[in-house]
Amino acid sequence: MKNLGDMMKQVQAMQSRMADMQAKLEQTSVTGQSGGGLVKVTLTGKGVMTGLELDPSLLRPEEKDILEDLIVAAHSDARAKSESMMAEEMKSLTGGLPLPPGFKLPF
């Protein structure tokens with residue numbers, strides 16, 4: 001049972017590190033862009049949009065559809081960066097704990 005006890009200690013330590021990581025993700029931000037930088041979207045590490053920058057040249061009524069598409073693309077870019085950052089954090093967090101294949105954290 002010593003292995004089980006050691007594993008429980010590792011799980012408790014991982015839970016503490018997980019809470020720290022969640023707090024860090026709240027503080028971290030990533031920026032995605034589209035249209036060669038004409039549209040920029042900023043998200044927290046948890047995917048909450050905190051900023052949107054639009055180049056003034058896009059603010060014409062006839063460009064409405066293009067602008068909407070660029071905003072969606074910039075958001076997707078920022079979201080992908082955010083998810084990649086979170087995956088890297090999780091990889092470093094669970095490095096010492098053997099998890100079954102396909103097991104994903106947080107639950």
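Select Glu 83 first. Glu 83 is partly exposed, at 46% relative accessible area. Now add Arg 79: its salt bridge with Glu 83 has the closest N and O atoms 3.3 Å apart. Arg 79 is partly exposed too, at 33% relative accessibility. Both residues sit in helix H2, and because they are 4 residues apart, about one helical turn separates them. This is a predicted model, so colour it by confidence before going on.

Stay on helix H2, which covers residues 64-93. Select Lys 81 and Asp 77. These two form a salt bridge, with 3.5 Å between the closest N and O atoms. The spacing is 4 residues, about one turn of the helix. Lys 81 has a relative accessible area of 35%, which makes it partly exposed. Asp 77 is at 26% and also counts as partly exposed.

Next, go to Arg 60 and Glu 62. Their salt bridge has its closest N and O atoms 3.9 Å apart, and the cut-off is 4 Å. Is Glu 62 buried or exposed? Glu 62 is exposed, at 56% relative accessibility. Arg 60 is partly exposed, at 41%.

The pairs visited here are among the 4 salt bridges found in the whole structure.

Finish with the confidence colours. The protein has a mean pLDDT of 82, and 85% of its residues reach 70 or more. Select strand S1, residues 29-34: confidence is highest here, at a mean of 92. Then select helix H1, residues 2-27, where confidence is lowest, at a mean of 80.

Technical notes: Residues are numbered from 1 along each chain as its sequence is written. This is a predicted model: local features need pLDDT of at least 70, side-chain atom pairs count only at pLDDT 80 or more; totals for chains, interfaces and linings use all residues. Side-chain values use heavy atoms; hydrogens and water are left out. pLDDT is the predictor's confidence in each residue, from 0 to 100. Helices (H or I, at least four residues) and strands (E, at least two) are DSSP runs, numbered from the N terminus. A salt bridge is a side-chain nitrogen of Lys or Arg within 4 Å of a carboxyl oxygen of Asp or Glu. Buried means under 20% relative accessible area, exposed over 50%, partly exposed in between (1.4 Å probe, protein chains only).
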